[in-house]
Structures are given as structure tokens and as C-alpha cells.
Amino acid sequence: MINRAALSVKPTLTGERVRLVPLALRHAEDFWRSVQDPELRRLTGTVREFTLADTEQWCADRADQPDRLDLAIEDPHTGEFLGELALNELDPDNHSASFRIALAPGRPGRGLGPEATRLLLRHVFEEIRLNRVHLEVFEYNPRAVRSYEKAGFVHEGRSRQALKWDGQYHDVLHMAVLREEWLAGDAR
């Protein structure tokens, strides 16, 4: 059974190089700057334009969402914004949810993504007690694929030519991790 209380209370999770904290209004400007970056937009498939006001509203009400987690990724020593992640699209009947992560420009390649992902997965499987977490990643983002594999995600399939970006079609890869795999695995 899902522990909904653990989902509605937004945690602070601390690792060696990252701290996950509830996404809040204080993160809005850094978050907004991140989503303006053309490479981040390409890697996440973001086509919508966000204003700073949109982003402030989004960040301000994340803590009030009882069926998802939106967390900022911070440096545990300085509090610097390193990115954000979300557990969303909760399916309570099947004990599953979707996952996404976006590191701020200039942050990928340092092992921060796998560490942040593992911290969240530990909370998801041990505290919230979901059975499955899934994600989608674009085929042209092999760095993200490796990061997800390091965190315990397994390839489940591919949607061929499901994304049109910059005039070309690209496949979307589907990956997931199961609670039993997580609890038994080395990715923790």
C-alpha cells in the first residue's frame, strides 16, 4: 500500500554532493534561467515558453501538491541551485509514477544526476512504497541514458520517431526501475 503521507510531506534528502529540498519560490529565478537554455530545452523536449511569473507561480505552489514531489537539487554546502526533479503522474492503483530530472546548464557530467536520482528512488521505494518508477528520454541524450542506468533504470522499449525536434524525428526511449530491483540492487 502506498504511503500517501510520505508523498504529501515534501522531504529534504541529503547526499554527499547534492541535497534535495522542496521546490519553492526562492528557486524560481534560477529555475527560470535554466529553462531558457537552448540545450536544456533540447534535452528535455521543452517547446513551451515560460515567463518568470509562470515559473514563480509554479514554484510557489509545488508544496501544496499532494500527489507529486517537486524538489530542487542544491549544493549541500552552499545552497546553490543545481537543477530540479519531479515524481509525477502518480498511478495509485498500480503503485507507479513518472520521473524527470533536469540539471542546470553547466552541471551535467559530474555525477550529480545519478546521486540525486538515487536519493529520490530510496525515498520512493522505502518511504512512499511505490512499486515502479518510469521515465522517457530522447535517443539523442546518451548522457542521460547512462545516468539513469547508473541509478538502476532498465530499458523497456522505444517509441519510434515520437519526437520532432528541429525538423527531424527522434525515438523516445522508455526506462523503469522496480521496487524489488531497487531493494536488491547495487544502485542504492
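**Exercise 1. Burial of F153 and its ring partners**

Task: Classify F153 as buried or exposed, and determine which rings join it in a cluster.

Solution.
1. The relative accessibility of F153 is 3%, so this residue counts as buried, the cut-off being under 20%. The model is a predicted one.
2. A search of the whole structure returns 6 aromatic pairs. In one of them, the ring centres of F99 and Y148 lie 6.4 Å apart with the planes at 85°, so the pair is edge-to-face.
3. F99 belongs to strand β5 and Y148 to helix α6 (residues 142–150), so this pair ties together parts that are 49 residues apart in sequence.
4. F99 has 4% relative accessibility and counts as buried; Y148, at 8%, also counts as buried.
5. F99 and F153 form a stacked aromatic pair, with 6.0 Å centre to centre and 25° between the planes.
6. Since F153 lies in the loop between α6 and β7 (154–165) and F99 in strand β5, the pair ties together parts that are 54 residues apart in sequence.
7. The cluster linked by ring pairs therefore consists of F99, Y148 and F153.

**Exercise 2. The sheet and the surroundings of S96**

Task: State the strand order of the sheet, identify its edge strands, and describe the setting of S96.

Solution.
1. The open sheet is formed by 8 strands with mixed pairing, in the order β1-β2-β3-β4-β5-β6-β8-β7.
2. Strands β1 (13–14) and β7 each pair on one side only and are the edge strands.
3. Strand β6 (residues 132–138) and strand β8 (residues 168–178) run antiparallel and are joined by 7 bridges. R132 has L178 in β8 as its bridge partner.
4. S96 is located in strand β5 (residues 96–103). With a relative accessibility of 8%, S96 counts as buried.
5. Apart from neighbours within four places in sequence, S96 contacts E89, L90, D91, L130, R132 and H134.

**Exercise 3. A salt bridge within a helix**

Task: For the salt bridge between E29 and R33, give the closest N and O distance, and explain how the two residues are spaced in their helix.

Solution.
1. The structure contains 16 salt bridges. In the one between E29 and R33, the closest N and O atoms are 2.8 Å apart.
2. Both residues lie in helix α2 (residues 28–35); because they are 4 residues apart, about one helical turn separates E29 and R33.
3. E29 has a relative accessible area of 44% and is partly exposed. R33, at 45% relative accessibility, likewise counts as partly exposed.

**Exercise 4. R62 and the salt-bridge network**

Task: Determine which ring R62 lies over, which residue forms a salt bridge with R62, and which residues are joined into one network.

Solution.
1. R62 is positioned over the face of W58, at 3.4 Å from the ring centre.
2. R62 also forms a salt bridge with D61, in which the closest N and O atoms are 2.7 Å apart.
3. R62 is buried, with a relative accessible area of 6%, whereas D61 counts as partly exposed at 22% relative accessibility.
4. A further salt bridge links R68 with D70, the closest N and O atoms being 2.6 Å apart. R68 counts as buried at 14% relative accessibility, and D70 is buried with a relative accessible area of 2%.
5. Through shared partners, salt bridges join D61, R62, R68, D70, E84 and R100 into one network.

Conventions
Residues are numbered from 1 along each chain as its sequence is written. This is a predicted model: local features need pLDDT of at least 70, side-chain atom pairs count only at pLDDT 80 or more; totals for chains, interfaces and linings use all residues. Side-chain values use heavy atoms; hydrogens and water are left out. Buried means under 20% relative accessible area, exposed over 50%, partly exposed in between (1.4 Å probe, protein chains only). Contact means heavy atoms within 4.5 Å. Rings of Phe, Tyr and Trp (its six-membered ring) pair if their centres lie within 6.5 Å; planes under 30 degrees apart count as stacked, over 60 as edge-to-face and the rest as tilted. A charge sits over a ring if NZ of Lys or CZ of Arg is within 6 Å of the ring centre and within 35 degrees of the ring normal. Two strands pair if DSSP finds at least two bridges between them. A salt bridge is a side-chain nitrogen of Lys or Arg within 4 Å of a carboxyl oxygen of Asp or Glu.
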